[in-house]
Amino acid sequence: LCQSPEELFPDADAVALVTDWPEYRELSWQELRSSMTTPVLLDGRNFLDRRKMEEFGYRYVGFGV
């Protein structure tokens with residue numbers, strides 16, 4: 001368990017977002033990407049802006065509605 005979502009990013013190969021809670025839209029996605037080993041973002045609710053995440057350098061994979 002982590003105290004904050006930001007703790008999950010360092011050295012991660014992928015991050016899965018499976019909620020549409022608004023606070024996750026406000027994360028510093030661009031800054032967090034630089035701490036990942038492989039910047040893959042699995043968005044289980046198509047919650048984030050694909051273009052924006054790809055501009056930040058993520059390989060974005062969207063699922064869901």
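Two strands are taken to pair if DSSP finds at least two bridges between them, and strands (E, at least two residues) and helices (H or I, at least four residues) are DSSP runs numbered from the N terminus. On that footing, A14 stands opposite V40 in β2. The structure is a predicted model, in which local features need pLDDT of at least 70 and side-chain atom pairs count only at pLDDT 80 or more, while totals for chains, interfaces and linings use all residues. Residues are numbered from 1 along each chain as its sequence is written, and side-chain values use heavy atoms, with hydrogens and water left out.

**Sheet**

- Three strands form an open sheet in the order β1-β2-β3, with parallel pairing; its edge strands are β1 and β3 (59-62), each of which pairs on one side only.
- From one strand to the next the twist averages 15°, where axes are lines fitted to C-alpha atoms (for helices over the stretch in contact) and angles run from 0 to 180 degrees between N-to-C directions.
- β1 and β2 run parallel and are joined by four bridges, and β2 and β3 likewise pair in the parallel sense over four bridges.
- Across the β2 and β3 pairing, V40 has R59 in β3 as its bridge partner, and L42 has V61 in β3 as its bridge partner.

**D43 in strand β2**

- D43 lies in strand β2, which covers residues 40-43, and it counts as buried because its relative accessibility is 0%; buried means under 20% relative accessible area, exposed over 50%, and partly exposed in between, with a 1.4 Å probe and protein chains only.
- Leaving aside neighbours within four places in sequence, D43 is in contact with L17, L48, Y60, V61, G62 and F63, contact meaning heavy atoms within 4.5 Å.
- One of these partners, Y60, is 17 residues from D43 in sequence, and the two are 7.3 Å apart in space, C-alpha to C-alpha.
- A polar atom of the D43 side chain lies 2.8 Å from the backbone nitrogen of F47, and a polar atom of that side chain lies 3.2 Å from the backbone nitrogen of N46. A polar contact is a pair of N or O atoms within 3.5 Å; within protein, one must be able to donate a hydrogen and the other to accept it, and residues adjacent in sequence count only if both atoms are side-chain atoms.
- Although buried, D43 has no salt bridge, and the nearest side chain of opposite charge, R45, is 7.1 Å away. For charge, Lys and Arg count as positive and Asp and Glu as negative, whereas His and the chain ends are not counted.

**Salt bridges**

- A salt bridge is a side-chain nitrogen of Lys or Arg within 4 Å of a carboxyl oxygen of Asp or Glu, and by this rule the count comes to two.
- One of them joins R45 and D20, with the closest N and O atoms 3.3 Å apart; because R45 lies in the loop between β2 and α2 and D20 in the loop between β1 and α1, the pair ties together parts that are 25 residues apart in sequence.
- Both ends of this pair count as partly exposed, R45 at 39% relative accessibility and D20 at 38%.
- The side chains of E54 and R50 also meet in a salt bridge, at 3.5 Å from N to O; E54 and R50 are four residues apart in helix α2, so they are separated by about one helical turn.
- E54, at 38% relative accessibility, counts as partly exposed, and R50, at 41%, counts as partly exposed too.

**Loop residue T19**

- T19 is placed in the loop between β1 (14-17) and α1 (29-33), and it counts as buried because its relative accessibility is 17%.
- The T19 side chain reaches the backbone nitrogen of W21 at 3.3 Å, and, not counting residues up to four places away in sequence, T19 touches Y24, R45 and F47.

**Positive phi values**

- Most residues other than glycine have a negative phi.
- D11, in the segment before β1, is not a glycine, yet has a positive phi of about 65°; D11 counts as exposed, since its relative accessibility is 62%.
- N46, in the loop between β2 and α2 (50-55), is a residue other than glycine with a positive phi near 50°, and at 32% relative accessibility N46 counts as partly exposed.
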